[in-house]
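Q: Please take a close look at one buried loop position and its surroundings, and then follow the account outwards to the open and enclosed spaces. Where a term rests on a cut-off, please give it.

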Amino acid sequence: MTGHPTDSTGPREQAREWLQAARRPLVLTGAGVSAESGVPTFRGPDGMWRGHRPEELATPDAFSRDPEMVWEFYRWRRSVLRGCAPNPAHVALARYESSHPDLLLVTQNVDGLHRLAGSTRIQEIHGRLMIDRCSACGLESDASPRDEADRRIPMCGSCGAICRPGVVWFGEPVPLIGSAFEAAGSADLVLVVGTSGVVEPAASVARVARSAGAEVIEVNPEATPLSALSDLSLRGKAAELLPELLS
Ligand code: OAD
């Protein structure tokens, strides 16, 4: 894959060609890919919860100070997610995997919608919203809708300590980032969809791939810090653009 769009090839057509020809594509997704499923983005107008920014609640400090409030925030996020289903962007990415078996989908999303749509080659680097993880022994279990109604903090079935949501919080290490960087280093194309590109180390997945020579395509209605390193920046909604680009 070489070259940049010319007058005869529009950016969308060029993106389609690169995506079809890619042998080791890497897709990096963020909250914008789930926006049209009804999942609020973090930095959009619906991202605040009772006047708090997620960065204030999604931290180990907030959890040790006020686990009730942190759990209330996550119960809210879970109850919103229970009403959401994958949208055409998730479905298009799952189909793309069947024609590109060496694809890796690195997602910052904790909503599980990529898996629900059928993606299997996926790294959920920020964890999973619908998992409870014991804060002491680390045992993980599926969250049940009952927990949201019941409003008590879930307790570990094994050691009895309080559980936390199975997500990565600000200030915590991202366990899967090493293998995501490794895949980025050998990718020939990166498709960056629906991320503001301001949270590290996730945003650097695109940077690592770019430095190693991959072409970068961005899909986002707005410019982001990753636009400058993208070969093609396509402005639009994921659920509208991805089915067209990946068909
Ligand atoms: P953000 O909320 O920061 O950014 C969402 C991005 O999606 C923005 O750039 C929007 O312009 C774009 N967007 C909105 N609607 C879209 C649509 N229909 N189609 C495509 N793009 C759209 O979300 P993330 O970048 O995912 O971390 O945030 C990164 C991390 O910060 C999250 O994983 C989370 C958060 O705090 C943790 O929880 C650790």
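**A loop residue and its surroundings**

A: Leaving out residues up to four places away in sequence, alanine 187 touches Arg24, Leu26 and Ala214, where contact means heavy atoms within 4.5 Å. The model is a predicted one, in which local features need pLDDT of at least 70 and side-chain atom pairs count only at pLDDT 80 or more, while totals for chains, interfaces and linings use all residues. Residues are numbered from 1 along each chain as its sequence is written, and side-chain values use heavy atoms, with hydrogens and water left out.

Alanine 187 sits in the loop between α8 (177-185) and β7 (189-193); helices (H or I, at least four residues) and strands (E, at least two) are DSSP runs numbered from the N terminus. Its relative accessibility is 8%, so alanine 187 counts as buried, given that buried means under 20% relative accessible area, exposed over 50% and partly exposed in between (1.4 Å probe, protein chains only). From alanine 187 to arginine 210 the C-alpha to C-alpha distance is 9.0 Å, with the two positions 23 residues apart in sequence numbering.

The next element to consider is helix α9, which spans residues 204-211 and has Ser204, Val205, Ala206 and Ala209 as its buried residues. These buried residues of α9 pack against β1 (25-29), α8 and β7, and the last two of these elements are the ones that bracket the loop of alanine 187. As general background, an α-helix has 3.6 residues a turn, so residues three or four places apart point the same way. After α9 comes glycine 213, which has a positive phi, near 105 degrees.

A second loop position, threonine 41, is found in the loop between β1 and α2 (54-57). With 24% relative accessibility, threonine 41 counts as partly exposed. Apart from residues up to four places away in sequence, threonine 41 touches Ala31, Gly32, Ala35, Asp46 and Gly47. The C-alpha atoms of threonine 41 and tryptophan 71 lie 19 Å apart in space, and the two residues are 30 apart in sequence.

Threonine 41 also leads to the open spaces of the model. The largest pocket holds about 820 Å³ of space, and of the 39 residues that line this pocket, Ala31, Thr41, Phe42, Arg43 and Ser196 lie nearest its centre. Ala31 is thus named both among the contacts of threonine 41 and among the residues nearest the centre of the largest pocket. On a 1 Å grid over the protein atoms alone, a pocket is an open set of points with protein on both sides within 12 Å along at least five of seven lines, a cavity is a set where a 1.4 Å probe fits but cannot get out, and lining residues have an atom within 4 Å of a point. Points are joined across faces, edges and corners, and a volume is the space filled by probe spheres set on them.

The structure holds one cavity of 30 Å³ or more, and the largest cavity has a volume of about 200 Å³. Its lining comprises 17 residues, of which Val39, Pro40, Thr41, Phe42 and Arg77 are the closest to its centre; Thr41 and Phe42 are therefore found in this central group as well as in that of the largest pocket. Helix α4 (residues 67-82) gives the largest share of the cavity lining, namely five residues.

Beyond α4, proline 86 occupies the loop between α4 and α5 (88-99), and its relative accessible area of 29% makes proline 86 partly exposed. With neighbours within four places in sequence set aside, proline 86 is in contact with Ser37, Leu113, Leu116 and Ala117. Between the C-alpha atoms of proline 86 and valine 190, which are 104 residues apart along the chain, the separation is 22 Å.

The second largest pocket contains about 220 Å³ of space. It is lined by 16 residues, among which Gly127, Arg133, Glu140, Gly166 and Val168 lie nearest its centre. Both β4 (127-134) and β6 (163-167) supply at least two residues of this lining, with the largest share, four residues, coming from β4.
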